[in-house]
Structures are given as structure tokens and as C-alpha cells.
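Biologist: I'd like a close look at a single part of this model, with the rest of the chain brought in where it helps. Here it is.

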Amino acid sequence: MRKHKGKGKESSHRHKSSKSARFQNAWAGFADLEGGEEVERSVQGDTAIKDYGRGFPFPLSMWDLGHCDPKKCSGRKLSRLGFVKTLKLSQRFNGLILSPLGKQCVSPQDHSLITEHGVAVIDCSWAKLDTTPFGRMRGSHMRLLPYLVAANPINYGRPCKLSCVEAFAASLFIVGLQDLGSVLLKRFKWGSSFYTLNRVLLDRYAACKSSKDVVEVQHAWLQECEKEKVERLTQDLLDIDVTKEHYNPNRQLSSDESSERDKSSDGDDDESDGDDDDQDDVKGDDDVDDNDDDGNGVCDNDNDDSCGDMNDDDKELQEAEHRNSIQNEK
């Protein structure tokens, strides 16, 4: 017979909830979110803020075409963590869409569009762009990202080949939501290096007013890079400044550093000149001592030829006197 469970006891359900439900229960509210204070400060407004996942006040979405390795795909990781919602291929998105079909660059003018409707990216392989059906991903606000350098381990240092998380973070930085971008990048070990690597460019883009200004900043930056490249190619590594004690052609000193080096070298030269003067004084004293020795009548037969001549005359006189004395005796 089966045991009676009793009236006060209820059978426990072992139903496993979905991932989205678990994330919503675990991360409900801003206080439970790591970096939730930054998220709350980043979005202005007195009205209640709707939570679209992990405390974000607007949706982050992605069309996943399945081209990438699931273990290396940053978009899928954000989806597993509850930051990003995956869209179907024919599903429409009303927010800002980062797509090659865009005709304008992301600019600070898109701030209101992102805060109201969110951002979406297309997770596909850079090697399969020709076969990707971008036309089936419908939306009204297509945008392009300006020139940036990738920091992910797969395409590190390559321009414009950003991962999904880098695309999200770049868009948020340009529209003035850097704190939200940092929340996403913190989920990756290499994430913080993306803002560090592109800090100068991102600051310039964020200071623009329109998409046209962003394009002008991009062209100016590319011209600077091309100029530096030409200077490196035309530089003669054998043209070394011999006036310097140490010279490294791969590290050109700035004007401030070079002036400090010149001052220090001038100080060393002055000290060396003072040492030379002291040595000259010592030599002068030695010369005086030598003159004093000559005045005492001490003659060095090896160095003074006049002393040798006087000795020969004396010998001749002595020989002459000796011969005279012999003749007188005879």
C-alpha cells in the first residue's frame, strides 16, 4: 500500500523552468545586477524603466545565422547570459540595426532611437558575407559602424572586423552610453581592451553631432594613419644622430624629453671641463717643480746635450796638460 502524504503536505513539482525564466528570477531589478547602478545612471528619466534582460532598459537583439563556432561566438554567449534576444530570420526589428546595407554611420543623434527601441546586430561569418541574406532582416534604421580596430582574439588588430559584443559596445559608446557597453565587455576576459585600443577614436566619434561629422573624423584618422605609414617607410634606419650617446630610431623622443636630455648632457660637459682645468693646474705645478730642479745645477746627461759638450772640452784640456807635463820631465 502507498503511504498517505497527509493533508498539509503538497506534492513538489520538479518541473525545470526555462533559461529566460531563471535569469529573470535571478536578476530581477537593478540591485541584483552587477553594474546595475551604472545602468540606472546611464538612462535618464523619472518614469519607471522596463527591464529587457539583466537590467538593460532597452532590448539588445541578434539574428543568428549559425556561421560561427558556438564556443567562440560572443553573440551566443550574451544570449546565454540573458543580455541578447535571438530573432528569427524574417522577424522585424524597429530599433537601430547594424548592417552592411546601412547608408549612414552610427552617431550621437541615434541616442533616442537606441534608448527607445534598442540595438540589433547580425551574427554571421566575415567569410560568408556574399551568401548572407541581409535583405530578409527587416528594419527601418540601418546603420554602419565607423572605422574601429578589433580586440577579440580571432581578429585582433584587424580594422572593422568586430565581434557582436564589440559592435554593441561601440554603438553604445558613440551615443553616450559607455557604462552599458562596459557591462557587456566585462563578460569577456579581453573585453576591456576594446575600449582601451580605440579610446581616441571613440572619443572623437562621441564628440560629433551627426553622421556626416563621424565620416569626416574617420577620413581624417585614416589620412593620419597613411601619413605615419609613409614616414615609417621613408625613414632611413642607418641615419643615426652621432651627437647622442644613445639613439633608438624606433623610439623618437618628444621635444620635452629631448630638451631634458640636452640639459643633462650640458651639465655633464661642464663637469668634465672643470675636471680638465684641474688636471691642467696639476700639470702646471709639475712644470714649476721641473724648472726648480734644473736651477739647482743638476744635469741629466741623457736629456741635456750641452752638458755632454762641456765634459768633452774638459777631457781635452786634461789630456793637453798631461802631455805638457811629460815633455817637461824629459
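Biologist: Leaving aside neighbours within four places in sequence, which residues is Gln218 in contact with?

Modeller: Beyond those neighbours, Gln218 touches Pro146, Tyr147 and Tyr205, where contact means heavy atoms within 4.5 Å. Some housekeeping: this is a predicted model, so local features need pLDDT of at least 70 and side-chain atom pairs count only at pLDDT 80 or more, while totals for chains, interfaces and linings use all residues. Residues are numbered from 1 along each chain as its sequence is written, and side-chain values use heavy atoms, with hydrogens and water left out.

Back to your residue. Gln218 sits in helix H9, which spans 211–234; helices (H or I, at least four residues) and strands (E, at least two) are DSSP runs, numbered from the N terminus. At 15% relative accessibility, Gln218 counts as buried, a label for under 20% relative accessible area, with exposed over 50% and partly exposed in between (1.4 Å probe, protein chains only).

Its partner Tyr205 leads us on to helix H8, residues 199–206, whose buried residues are Leu201, Leu202 and Tyr205. Down the axis of H8 these fall within an arc of 95°, so they line one face of the helix; the arc is that of the directions from the helix axis to the C-beta atoms. They pack against H5, helix H7 (192–197) and H9.

H5 ties this to helix H3. There, Ser74, Gly75 and Leu78 are buried. Looking down the H3 axis, they span an arc within 105°, so again they line one face of the helix. Their packing partners are strand E1 (60–64), H5 and helix H6 (178–185). Right after H3 comes Gly82, with a positive phi near 95°.

Both H3 (74–81) and H5 (164–174), along with strand E4 (119–123), supply at least two residues each to the lining of the largest pocket. A pocket is found on a 1 Å grid over the protein atoms alone, as an open set of points with protein on both sides within 12 Å along at least five of seven lines, and lining residues have an atom within 4 Å of a point. The space in that pocket is about 980 Å³. Of its 38 lining residues, Cys124, Trp126, Leu162, Ser163 and Cys164 lie nearest the centre. By class, 23 of the lining residues are nonpolar, seven polar and eight charged.

One backbone oddity is Cys160, in the loop between strand E5 (139–143) and H5. It has a positive phi of about 75° despite not being a glycine. At 39% relative accessibility, Cys160 counts as partly exposed.

How far to trust this? Mean pLDDT (the predictor's confidence in each residue, from 0 to 100) is 74 over the chain, and 61% of the residues score at least 70. Confidence peaks in H8, at 95, and bottoms out in helix H2 (residues 36–42), at a mean of 47. Residues 26–47 stay under 50 throughout, with 30 contacts in the model beyond four places in sequence. Over residues 291–309 the pLDDT is also below 50, and that stretch has five contacts beyond near neighbours in sequence.

Zooming out, the chain has eleven helices and five strands. Of its 330 residues, 29% count as buried. Among contacts between residues at least 6 apart in sequence, 65% join residues at least 24 apart.

Definitions and conventions
On a 1 Å grid over the protein atoms alone, a cavity is a set of points where a 1.4 Å probe fits but cannot get out, and a pocket is an open set with protein on both sides within 12 Å along at least five of seven lines; lining residues have an atom within 4 Å of a point. Grid points are joined across faces, edges and corners, and a volume is the space filled by probe spheres set on the points. Ala, Val, Leu, Ile, Met, Phe, Trp, Tyr, Cys and Pro count as nonpolar, Asp, Glu, Lys and Arg as charged, and the others, Gly among them, as polar.
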